[in-house]
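Here is my note on the structure, set out as numbered points. Please read it with the structure open.

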Amino acid sequence: VIAVQLDDIRFRIAAARRMLARNGCESYVAGHVSVRAPGEDAFWISPFEYFDETLPDRVIKVGLDLRLLEGDWEPSPAVQFHASIYQERVDVGSVVHTHSQHVSTAVTRSEPVARYSVLAALFEGEQAVYVEDGTTPPVEGRLVAAALGSQQVLLLSNHGVILVAPTLEEATMRAVLLEEAARFAVAAASAGGSPVGASAPARRDFLNGSVLPAMWESNLRRLRRTDLDLFAAAS
Ligand SMILES: [Zn+2]
């Protein structure tokens with residue numbers, strides 16, 4: 001086990017994975033978290049394993065051509081869409097793909113997650129849907145990037161979700177809140193509840209500017225108490 005700094009991208013990706021796991025976004029051994037390597041045609045990406053066991057030295061650096069640049073496992077075609085998105089979207093610094101339970105349930109409707117919770121304001125007008133026919137797993141990266149277009153969320157029907165954001169922290173916490181919004185949507189729809197209307201931009205600004213950063217810091221403090229193996233890998 002190598003020791004890394006707390007601000008090392010490999011540590012932050014490992015921490016993000018554990019935050020996702022403890023917030024209902026565990027996605028068996030598939031599902032990945034990646035971050036663009038600044039100034040390079042490359043990105044850092046998490047391994048095929050459960051989210052709550054990821055350590056910094058399991059995170060590898062991969063070229064946009066899917067060549068392994070640093071680390072000890074070979075990238076598979078299943079991570080190709082990360083490269084395609086970084087290629088197409090200069091505004092994207094991080095990509096999170098999960099199969100979290102409630103988002104995965106909601107997307108069986110092949111439409112955006114309905115707005116039953118005020119949290120859904122974060123995703124208003126930002127969700128695209130990709131209908132998978134199941135014949136081409138993994139789906140070709142450029143098709144995924146094209147379906148995402150300029151949106152922040154790509155719902156994959158009967159599969160899961162891809163979220164993109166400028167930073168790892170934002171992408172990770174938005175994944176947590178989308179799962180929460182989907183949990184509301186699934187439960188409220190079956191309870192006969194009513195959705196909320198369009199939300200004010202101020203709510204979205206509050207969620208983005210105050211709630212997301214506080215959630216990341218708060219989750220990091222929780223990990224410090226619980227995930228001793230992760231912090232033992234940092235100096
Ligand atoms: Zn998947």
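1. Since the words for exposure recur below, it helps to fix them at the outset: a residue is buried under 20% relative accessible area, exposed over 50%, and partly exposed in between. Arginine 142, with a relative accessible area of 54%, is therefore exposed. The model is a predicted one, and the points that follow should be read as a description of that prediction.

2. Which strand order does the open sheet have? Its eight strands follow the order β4-β3-β2-β1-β5-β8-β7-β6, and their pairing is mixed. The edges are formed by β4 (68-70) and β6 (127-130), each of which pairs on one side only. Neighbouring strands of this sheet are turned by 25° against each other on average, with direction ignored.

3. Two helices should be considered together with the sheet. Helix α1, which spans residues 9-25, packs on the sheet and touches β1 (32-36), β2 (42-45), β4 and β5 (94-98), while its direction makes about 145° with that of β1. Helix α5, made of residues 168-191, lies across β1, β5, β7 and β8, and runs at about 145° to β8.

4. Strand β3 (residues 60-63) deserves a residue-by-residue reading. In a regular strand, side chains alternate between the two faces of the sheet. In β3, Ile60 and Val62 point one way and Lys61 and Gly63 the other way, and all of these residues are buried. Strand β3 pairs with β2 in the antiparallel sense over four bridges, with phenylalanine 43 standing opposite valine 62. The pairing of β3 with β4 is likewise antiparallel, over two bridges, and there lysine 61 has glutamate 70 of β4 as its bridge partner.

5. The hairpin of β3 and β4 has four residues between the strands, and in this hairpin leucine 66 takes a positive phi near 70°. A salt bridge joins the side chains of aspartate 65 and arginine 67, at 3.1 Å from N to O, and both of these residues are exposed.

6. Further along the chain, β7 (residues 153-156) and β8 (residues 160-165) run antiparallel and are joined by four bridges. Leucine 156 has glycine 160 in β8 as its bridge partner.

7. The whole structure contains 15 salt bridges, and a few of them are worth checking individually. Glutamate 180 and arginine 183 both lie in helix α5, three residues apart, or about one turn of the helix, and their side chains meet with an N to O distance of 2.6 Å. Glutamate 180 is partly exposed because its relative accessible area is 27%, and arginine 183 is partly exposed at 38%. Elsewhere, Arg18, Asp227 and Asp229 are joined into one network by salt bridges that share partners.

8. Are the two partners in the salt bridge of glutamate 140 and arginine 142, at 3.5 Å from N to O, buried or exposed? Glutamate 140 counts as partly exposed, at 34% relative accessibility, whereas arginine 142 is exposed, at 54%.

9. A last point concerns the surface. Tyr28, Val29, Phe48 and Tyr50 make a nonpolar surface patch of about 380 Å². Of these, tyrosine 28 is found in the loop between α1 and β1, and it is partly exposed because its relative accessible area is 48%.

Key
Residues numbered from 1 in each chain as written. Predicted model: local features only at pLDDT ≥ 70, side-chain atom pairs only at ≥ 80, totals over all residues. Heavy atoms only, no water. Pairing = 2+ DSSP bridges. Axes fitted to C-alpha atoms, helices over the stretch in contact; angles between N-to-C directions. Contact = heavy atoms within 4.5 Å. Patch = residues over 30% accessible without salt bridge, like charges linked within 9 Å, V, L, I, M, F, W, Y side chains within 5 Å. Areas by Shrake-Rupley, 256 points an atom, 1.4 Å probe, with all protein chains shown as cover. Salt bridge = Lys/Arg side-chain N within 4 Å of Asp/Glu carboxyl O. Buried < 20%, exposed > 50% of the residue type's maximum accessible area, 1.4 Å probe, protein only.
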